[in-house]
Amino acid sequence: MHRPSKPMRLTSRGLIILPLAIISIVVAGISAVLVAAGALTLAAPSLPIILSAFAFAASIIGVCRMGLTNMKELELLERTDRLTHLPNRHALHEDIQASLDTNEEVAIALLDLDGFKQINDHFGHTFGDALITQCAQLFEGILGDEAVCYRLGGDEFAAVTTGPMCGTILEGLCRRLLDRLNAPVLVGTRELAIGASVGITHRTKSDDVSPSELLRRSDVAMYMSKRGGKMRCTWFNESFDQHREAIRQLEDDLREGLKKRQFSLVYQPLVEADSERIVGVEALLRWNRDDGGEARPDHFIPVAEESGIINPLGLWVLREAMTKALKWGDISLSVNISAAQLRNSDFPIKLGEILEETGYPPEQLELEVTETCLVLDPAVAERSLNVIREFGCRISLDDFGTGYASIGFLRQFRFEKLKIDRTLVIEASQDESFSAMMISSIAIARALNMAVTAEGVETSEQADLARLAGCDQIQGWLFHKPHPASEIDKLIARQEEAHWTAQNDRQLDHRRIA
């Protein structure tokens, strides 16, 4: 089978020597022609001619040496990261290829810093660069002579080992590195908590894998480390590709679903604890897929957040919910907001535009956020929430009891409402220690002037406990399941009818007594 010939590639020396050699050959050829023609004689060269020849030769040697030095410096610059002075991505590709050419075993780890973006945004890029430099020095110190450390750009690093047992050696080094990051990193006078997610892959002598494929596998494994909770090492597995393909397909389906308007909202009422009268509704997203496939919110919402689809989807939810809720009078509307939306600096502006466009009263809108939303990027989240409050909207802390929110945390973000998670409600109805925890949580909320709602109430015992503990509102299937907007219309109409009937009955009783 005929194979096409490879193009000739010159080394740095060749790039200098070849042009000079061509010039020398041309000069020699011209001289030979002149000698043959009798125009030039070399029989009795004069002193100036000899000195000129020596000067010419010295010049060529000097140019060659200078050119080679400059080429070496250019090659070094091409392979070096300017900030950390570590080898860069280009060097990594070349070094991996060199190892593969000699059929060596190679192990590669990709390392991505956890929480770097938040630090960079909060303290500025100069401080972020200082942190990257400090981490580079730390990683080099841990890897030592056993592995080569590279900086690939941003907050991403790589480490490579070769030879027998290279995979085991590299995993051990990476675990030592993660152990070191359990302690703060000192940058100037600040101690910063920074983590890392690591993905590792290995190429044996019998494998036929390209450098780009090895890096891709390491990147996939690193991504799985992040999804698995961060601060861990993960080896590449073939099943990861299937998982990523499924995630990619789900992203495409989400975009298509948004385009085809496959999403809808249902609303779960919140009732007043004492009167059981509907005082609010929470908008819940549903995906009505054409193929009838599973579309659980806890499955597709994280994918929408990671892909950025949550931004247009979340704005649609707000606009749709406000439009429907306009006819429900003084009933409040609750809408869940994700961490990705809060990190988007345009979100408060878009929210203001929707409020103005729909004419919905901002004081009746409650935006529910989870503790995770705020812990991921507290500075950015606080700025966004402050802008939202200026519109007149209220902020609720959702799923309270599942995280680690402290009193300081509650004071920092000044929530208007606390929503007790259903797991705490269930546990409190079965265990006195959890009941005491629930009662103390509500007492703290009261001291901070927060209203309290109990979520996921499904039994009369749970409802009685919520009332006794001091909850203002109760939400759960014991009272109402999620309904489409048309059913909420009917529920509110029946409630209003019952209210007016009761009021008329009281007036009749007063008249009879009079």
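1. A search of the whole structure, which is a predicted model, finds 8 aromatic pairs. In one of these, the ring centres of Phe236 and Phe240 lie 6.3 Å apart and the ring planes stand at 85°, so the pair is edge-to-face; planes over 60 degrees apart count as such.

2. Both members of this pair have been assessed for burial. Phe236 has a relative accessible area of 15% and is therefore buried. Phe240, with a relative accessible area of 14%, is buried as well. The cut-off for this term is under 20%.

3. Aromatic residues also occur as a group: one aromatic cluster is formed by Phe263, Trp287 and Phe300. Trp287 has a charged partner too, since the charged end of Arg289 sits over its ring, 4.6 Å from the ring centre.

4. A further arrangement of this kind involves Tyr223. Over the ring of Tyr223 sits the charged end of Arg244, at 4.6 Å from the centre.

5. Two packed helices are described by the angle between their axes and the distance between the axes. For helix α8 (residues 238-259) and helix α9 (residues 297-307), the axes come within 10 Å and cross at roughly 85°. The two helices are therefore roughly perpendicular to each other.

6. Which residues of α8 and α9 meet? On the α8 side they are Ile247, Leu250, Glu251, Leu254 and Arg255, and on the α9 side His299, Phe300, Val303, Ala304 and Ser307. By type, the residues of this contact divide into 6 nonpolar, 2 polar and 2 charged. Phe300 of this contact is also a member of the aromatic cluster with Phe263 and Trp287.

Methods: Residues are numbered from 1 along each chain as its sequence is written. This is a predicted model: local features need pLDDT of at least 70, side-chain atom pairs count only at pLDDT 80 or more; totals for chains, interfaces and linings use all residues. Side-chain values use heavy atoms; hydrogens and water are left out. Rings of Phe, Tyr and Trp (its six-membered ring) pair if their centres lie within 6.5 Å; planes under 30 degrees apart count as stacked, over 60 as edge-to-face and the rest as tilted. Buried means under 20% relative accessible area, exposed over 50%, partly exposed in between (1.4 Å probe, protein chains only). A charge sits over a ring if NZ of Lys or CZ of Arg is within 6 Å of the ring centre and within 35 degrees of the ring normal. Axes are lines fitted to C-alpha atoms, for helices over the stretch in contact, and angles run from 0 to 180 degrees between N-to-C directions. Helices (H or I, at least four residues) and strands (E, at least two) are DSSP runs, numbered from the N terminus. Angles under 35 degrees count as roughly parallel, over 145 as roughly antiparallel, 65 to 115 as roughly perpendicular and the rest as oblique. Contact means heavy atoms within 4.5 Å. Ala, Val, Leu, Ile, Met, Phe, Trp, Tyr, Cys and Pro count as nonpolar, Asp, Glu, Lys and Arg as charged, and the others, Gly among them, as polar.
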